[in-house]
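Morning, everyone. I have one structure to walk through today. Please take a look at it before I start.

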Amino acid sequence: MSDCIEWQNYRSEDGYGIQKYRGKTVKAHRLAYCKANGLELKDITGLVVRHKCDNPACINPLHLEI
Ligand SMILES: [Zn+2]
């Protein structure tokens, strides 16, 4: 598996990357997954984007799956 890309900005207490997107505070890995797969955040509402690498700060789309 390729290397993790760790989110370098603000992180939540549980280790997830956090960023602002269109006025909302969102988890960076969810947004990374959407951008890599041509989806909008609303398309994955209610779904869990999990880390195959078990690194919550990771935003490498190759490490993410629904
Ligand atoms: Zn990773």
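**Hairpin, helix, metal site**

K20 stands opposite T25 in β2. That pair comes from a predicted model. The strands here are β1, residues 18-21, and β2, residues 24-27. They run antiparallel, and four bridges join them. Together they form a hairpin, with two residues between the strands. Look at R22 in the turn: its phi is positive, about 50°.

Next, the helix. α1 covers residues 28-37. Is α1 mostly covered or mostly open? Mostly covered: seven of its ten residues are buried. Those are A28, H29, R30, L31, A32, Y33 and C34. What do the buried residues of α1 pack against? They pack against β1, β2, β3 and β4. After α1 comes G38, and the phi of G38 is also positive, near 70°.

Now the metal. Which residues coordinate the zinc ion? Three cysteines through SG, namely C4, C53 and C58, plus H63 through ND1. The distances run from 2.0 to 2.4 Å. The site is tetrahedral, with angles of 103 to 115° among the four donor atoms. For reference, the ideal angle for four tetrahedral donors is 109.5 degrees. Along the chain, the donors of the zinc ion follow the spacing C-x48-C-x4-C-x4-H. C53 and H63 both lie in the loop between β3, residues 50-51, and β4, residues 64-65, so the pair ties together parts that are ten residues apart in sequence. Are these two donors, C53 and H63, buried or exposed? Both C53 and H63 are buried.

That's my tour. Over to you.

Definitions and conventions. Residues numbered from 1 in each chain as written. Predicted model: local features only at pLDDT ≥ 70, side-chain atom pairs only at ≥ 80, totals over all residues. Heavy atoms only, no water. Donors = N, O, S within 2.8 Å, 3.2 Å for Na, K, Ca; no water. Tetrahedral: all angles 85-135°; square planar, octahedral: opposite > 155°, others 65-115°. Buried < 20%, exposed > 50% of the residue type's maximum accessible area, 1.4 Å probe, protein only. Pairing = 2+ DSSP bridges. Contact = heavy atoms within 4.5 Å.
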